[in-house]
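Q: Please take a close look at one part of this structure and set it in the context of the rest of the protein. A single connected account would serve best.

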Amino acid sequence: MPPSENTPFARELEQLTASLALPGARLSRRWLDNELLALWLLEVDDHLRLDTQAIGRFWQRLPFWAFAWAGGRALASYIANNHHLVEGKRVLDFGCGSGIAGIAAGMAGASEVWVADLDPNALMATRVNAALNGIDVHVVSNGEDWPEVDVVLAADVLYDISSSDDLRALTLSVPEWLLAESEKVAPDFVDLQCLDSIVTSTLPMIGDFDEEVQIGIYCRNHQVTLN
């Protein structure tokens, strides 16, 4: 369902839509069954045809926040089925993108949800998506110290090496964390325990994103995960 003028955060949705960098692209409200939440996601016309230059421009300005990436979906689904991991705890969604993992934590009973991302549009999209699901989030501003939290959530971030130093510092300083990544890019700076392996795919399904992938849900090896 596309946004209307009466939609909450209509102005923000208009700004986000304008930044999609694809002709005819729009944001559509979509319910995700396994994750038990809704997101505003990219929607494009089935008949859309782009020349090489247009495709190149789109990939250079890819709106990561307009996708529900496979890792984020896997982590959100895992949290939805394991409330005890975040219930009553302060969580930080690192590299939040659409905010899917942080929103799932809020819906599972987290006491505070903090979100951080280098892209201001991702932070705007996360606030809009959180409101869509009745969740409050706190944004970590650029240059601000990391908030004091109990759990770090991270998914689909290690493709970008610039995130590794911050993630390394957080995983070593925060006692509990949940990381969702493909086995090909799992970090080597901590001893990992694999809690689960979930097969899912990125939404929307366009081009290279159609393929289902296997995502590992990891925590620190000594972390207690059972009730």
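A: **Strand β2 and its surroundings**

Six of the seven residues of strand β2 (residues 37–43) are buried, so β2 is largely enclosed by the rest of the structure. The model examined here is a predicted one. For the protein as a whole, 50% of the 227 residues count as buried.

The partner of β2 is strand β1 (residues 26–32), and the two pair in the antiparallel sense over seven bridges. One of the pairings sets Arg-26 opposite Glu-43, its bridge partner in β2. Together, β1 and β2 form a hairpin with four residues between them.

Leu-36 lies in the loop between β1 and β2. Its phi is near 60°, a positive value in a residue other than glycine. The feature deserves mention because most residues other than glycine have a negative phi. Leu-36 has a relative accessible area of 45%; the range for partly exposed residues runs from 20% to 50%, and Leu-36 is therefore partly exposed.

The account now turns from the hairpin to the nonpolar interior. The largest nonpolar core has 39 residues, and Leu-39, Leu-75, Ile-79, Val-91, Leu-153 and Ile-217 are those with the most contacts inside it. Helix α3 supplies the largest share of this core, six residues. Apart from this core lies another, of 18 residues, which includes Leu-16, Val-44, Trp-65 and Val-128.

Ile-217 illustrates the connections of a core residue. Leaving aside neighbours within four places in sequence, Ile-217 is in contact with Ala-74, Leu-75, Tyr-78, Leu-179, Ala-180, Gln-193, Cys-194, Leu-195, Asp-196 and Ile-198. Across the protein, 66% of the contacts between residues at least 6 apart in sequence join residues at least 24 apart.

Helix α3 (residues 70–80) also packs with helix α4 (residues 100–107), at an angle of about 5° and with the axes 8 Å apart. An angle under 35 degrees counts as roughly parallel, and α3 and α4 are therefore roughly parallel to each other. On the α3 side the contact is made by Gly-72, Arg-73, Leu-75, Ala-76 and Ile-79, and on the α4 side by Ile-100, Ala-101, Ala-104 and Ala-105. The residues of this contact comprise seven nonpolar, one polar and one charged. Leu-75 and Ile-79 are thus named both in this helix contact and among the residues with the most contacts inside the largest core.

A further element is an open sheet of seven strands, with mixed pairing and the order β5-β4-β3-β6-β7-β9-β8. The edges are held by β5 (138–139) and β8 (192–200), each with a single partner strand, so one side of each is left without a neighbour in the sheet. Within the sheet, strand β3 (residues 90–94) and strand β6 (residues 151–155) run parallel and are joined by four bridges. Val-91 has Val-151 as its bridge partner in β6.

One backbone detail belongs to the loop between β8 and β9 (213–220), where Pro-204 is placed. The peptide bond from Leu-203 to Pro-204 is cis, with omega near -5°. In general, most peptide bonds are trans.

Overall, the secondary structure comes to six helices and nine strands, and within it β2 is a strand with six of its seven residues buried.

Technical notes. Residues numbered from 1 in each chain as written. Predicted model: local features only at pLDDT ≥ 70, side-chain atom pairs only at ≥ 80, totals over all residues. Heavy atoms only, no water. Axes fitted to C-alpha atoms, helices over the stretch in contact; angles between N-to-C directions. Parallel < 35°, antiparallel > 145°, perpendicular 65-115°, else oblique. Contact = heavy atoms within 4.5 Å. Nonpolar A, V, L, I, M, F, W, Y, C, P; charged D, E, K, R; others polar. Core = buried A, V, L, I, M, F, W, Y, C linked by side-chain atoms within 4.5 Å. Buried < 20%, exposed > 50% of the residue type's maximum accessible area, 1.4 Å probe, protein only. Pairing = 2+ DSSP bridges.
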